[in-house]
Amino acid sequence: MNRVFFQENTVFIVKIRIQAVEIKNNSEVKEMFEGFKKYETTLAGRPFVVEVGKMAQLAGGSCLVRYGETEILCTATMADKPREGVDFFPMSIDFEEKLYSVGKIPGSFQRREGKASDKAVLCGRVIDRPIRPLFPKDMRNDVGIVATVMSVDPDCLPEITAMIGVSIALSISEIPWAGPIAGVSVGLIDGEYVMNPTAEQREKSEMAVTVASTEDLIAMIEAGANEIDNETMFNGIMAAHEVNKEMVAFIKGIQAEIGKAKVDFPSNDPSHELYEAIKEFAIEDVKLALDTDDKRIRDERLRPIYAAVHEKFDELFPEEVAKIDDCLYKLQKFIVRRWLLDEGKRVDGRGINDMRPLHAEVDLLTRVHGSGMFTRGQTQVLTVTTLGTIGDAQLLDGIDEEESKRYIHHYNFPAYSVGETKPSRGPGRREIGHGALAERALLPVIPSVEEFPYTIRLVSEVLSSNGSTSQASICGSTLSLMAAGVPIKAPVAGISCGLVTEGDRFMTMVDIQGLEDFFGDMDFKVGGTKKGITAIQMDTKVHGLTPEIVKEAFEKTYVARCKILDEVMLPCIAEPRAELSKYAPKMLSTKIDVEKIGDVIGKQGKVIQKICAECDVKIDIEDDGSVFVSSTDLDNAKKALDIIHTIANDPEVGAIYKGVVTRLMSFGAFVEIAPGKEGMVHVSHLDVKRVEKVEDVVNVGDEIIVEVLPIDDQGRLNLSRRNALIKVEGLVPENEVSDEPRKPRQGGNRGGDRRNNDRRPRRNHD
């Protein structure tokens with residue numbers, strides 16, 4: 001076939017060869033995907049479909065999971081060899097939000113997905129926390145897990161779908177893993193638990209709790225709640241666990257049919273001989289070093305012990321020099337756990353249910369809008385509140401339906417807070433997660449935009465860290481909000497509960513510090529008011545928790561939370577301040593008819609820009625007609641709001657306005673009382689006395705007060721400066737003038753006009 005192209009008076013004839021492409025028949029396609037399998041079940045009344053063997057076949061384990069119309073490709077792959085020089089299990093989880101999944105084009109300049117959003121990071125963490133403890137602790141092979149969100153049904157949460165999909169991918173892969181797990185979200189609507197609530201149900205729900213579990217144990221809890229009591233929360237978690245059991249059985253059926261055999265891996269554990277030798281040599285010195293409530297003293301005592309152990313054992317075990325520090329870590333863990341389980345002793349001498357010394361303080365910084373610092377032992381967090389306009393709300397470009405948020409919480413964890421030196425590279429996954437936890441804990445008590453029309457940003461600066469900084473940031477945030485004058489519904493406090501297990505034995509302890517977190521089996525964080533729970537984040541290092549452990553953690557954290565509020569925080573500041581800081585913007589709000597929004601904004605924004613410039617304010621207008629005016633000067637904000645009301649509403653007869661003279665005519669002056677709202681002051685209404693010439697009283701640009709007169713037959717706006725002067729300034733009129741503007745005389749009786757005779761002496765007097 002020939003195709004002709006024209007370019008600058010030149011003709012090109014190009015020969016195109018068309019070759020038919022042979023389409024594979026059904027049998028060949030079937031052979032290509034010979035391992036394709038499809039499994040179906042239901043989850044919370046909606047179809048859940050798993051497809052294996054068609055996509056990503058080179059990954060260690062892969063599946064496409066469909067929940068409703070949410071579709072996610074989940075893959076799990078392990079490196080052949082262990083990574084050298086690491087003392088941890090190197091696993092990464094990426095929750096990849098593809099905006100095509102919700103029919104969006106990215107808003108960035110390059111129009112492609114970039115750095116993972118905070119929401120994606122949080123979803124990755126929710127998946128990471130229940131699956132990580134199920135890997136062998138001595139494995140050092142890299143494991144990469146990717147959940148690619150390809151289609152989103154708002155009624156079927158992608159994070160829940162991805163969690164189950166990742167569990168399936170790991171279960172059918174060759175990667176050593178003690179799963180499977182399953183996850184479900186539970187809501188509370190009208191006193192009834194709802195599993196995996198729809199988007200509409202989530203708007204009404206009193207709690208949003210994600211529960212992951214194995215067949216027998218609770219592996220992870222992530223919760224936000226509207227002050228839910230312990231019993232209601234516990235029963236909801238148990239109800240979710242029952243649903244998870246059914247899904248775990250479904251996954252086990254898939255694993256039994258197509259799962260690969262798990263591979264062996266080189267263990268990174270030090271030899272038994274090395275550990276026992278170091279234990280015998282250093283155990284008493286390590287006990288002495290650990291027995292203090294001061295982290296600095298503990299670290300100073302341990303340094304010479306590490307040096308002495310290396311000096312003795314480097315030559316005796318030259319092939320395991322890199323594992324000597326692991327032995328010392330295991331020895332510390334052994335000592336701390338034995339103290340707790342056998343003696344009921346904590347490293348700092350506290351009782352099992354005792355908290356470290358607590359201190360609260362507000363107003364540490366002068367020009368910020370609010371500040372509060374909370375100290376628990378050697379953990380110290382300073383939180384600063386900043387108030388902004390509604391236009392300062394954070395815009396979101398993600399796969400869920402939330403497009404912006406007006407309450408933002410950020411958490412920073414600098415290296416100096418743990419006595420280390422490293423450059424700041426911005427918030428990592430942990431910082432994002434802790435900030436989100438504190439944000440979730442306080443969200444239920446944040447006033448609505450109608451009650452408090454501000455954007456609120458909190459920044460928690462961790463100044464010193466020895467355990468539970470996220471919970472200290474909750475306490476510091478409450479102090480800061482109340483100091484800033486934000487009318488929160490109730491103060492919120494946070495506390496963590498730890499766990500040590502051995503077989504069927506377990507022990508929980510309140511307010512764990514760093515060592516108890518490192519060497520313990522659980523960090524159960526609970527934030528809430530006296531009334532109930534507002535947030536939970538539960539991490540474990542074991543396969544999961546029994547119902548008894550969960551219930552005991554709830555009880556202990558509630559008692560501790562109330563103690564913190566009653567004895568430390570409320571004595572520092574009992575309630576939100578009645579007034580905002582003088583440095584905070586003053587905000588006024590109103591609501592106008594949506595059809596009047598265009599009038600307030602004006603052509604090309606000229607009207608609203610003029611108001612902002614004249615009144616030195618910032619104005620935000622929502623699509624529903626809500627108007628927010630902010631300024632550091634309250635009088636300026638009131639002035640701008642009055643102008644907006646004048647534009648959006650018909651001027652009320654008898655109301656007094658301040659306007660600007662725009663034009664002069666022989667019969668009167670035109671006055672603009674608001675942008676686009678102009679009326680005429682007839683010469684007879686310019687002053688309390690007789691006016692011969694308009695220019696004698698006003699000039700263009702003058703600012704005058706006027707009263708609105710009744711609208712005339714032609715719908716024109718008539719104004720009276722005379723009436724305004726009488727009402728506002730109390731001036732006495734020289735003669736009575738009708739509210740109806742006078743019509744120009746048509747000529748006639750000159751000599752016999754009584755009024756003309758009356759004018760002469762007044763004119764001469766003037």
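This report covers the surroundings of two charged residues, D620 and R356, in a predicted model.

**D620**

D620 sits in strand β25, which spans residues 618-621. The residue is buried but has no salt bridge. K618 is the nearest side chain of opposite charge, and it is 5.1 Å away. A salt bridge needs a side-chain nitrogen of Lys or Arg within 4 Å of a carboxyl oxygen of Asp or Glu, so K618 at 5.1 Å does not form one with D620. The D620 side chain does make a polar contact with the side chain of T389, at 3.3 Å. Setting aside neighbours within four places in sequence, D620 is in contact with T389, I390 and G391, and also with S626, V627 and F628.

**R356**

R356 lies in the loop between α8 (324-343) and β13 (358-362). R356 counts as buried because its relative accessibility is 6%, and the cut-off for buried is under 20%. Its contacts, not counting residues up to four places away in sequence, include D348, R350, R376, G377, Q378 and T379. Also among them are N466, G467 and S468, together with D511, I512 and Q513. G514 is 158 residues from R356 along the chain, and the C-alpha atoms of the two are separated by 12 Å.

**Polar distances**

The table lists the side-chain polar pairs of both residues.

| Side chain | Partner | Distance |
|---|---|---|
| D620 | T389, side chain | 3.3 Å |
| R356 | N466, backbone oxygen | 2.9 Å |
| R356 | G467, backbone oxygen | 3.5 Å |

For R356, the partners in the table are backbone oxygens, those of N466 and G467. For D620, the partner is the side chain of T389.

How values were computed:
Residues are numbered from 1 along each chain as its sequence is written. This is a predicted model: local features need pLDDT of at least 70, side-chain atom pairs count only at pLDDT 80 or more; totals for chains, interfaces and linings use all residues. Side-chain values use heavy atoms; hydrogens and water are left out. Helices (H or I, at least four residues) and strands (E, at least two) are DSSP runs, numbered from the N terminus. Buried means under 20% relative accessible area, exposed over 50%, partly exposed in between (1.4 Å probe, protein chains only). Lys and Arg count as positive and Asp and Glu as negative; His and the chain ends are not counted. A polar contact is a pair of N or O atoms within 3.5 Å; within protein, one must be able to donate a hydrogen and the other to accept it, and residues adjacent in sequence count only if both atoms are side-chain atoms. Contact means heavy atoms within 4.5 Å.
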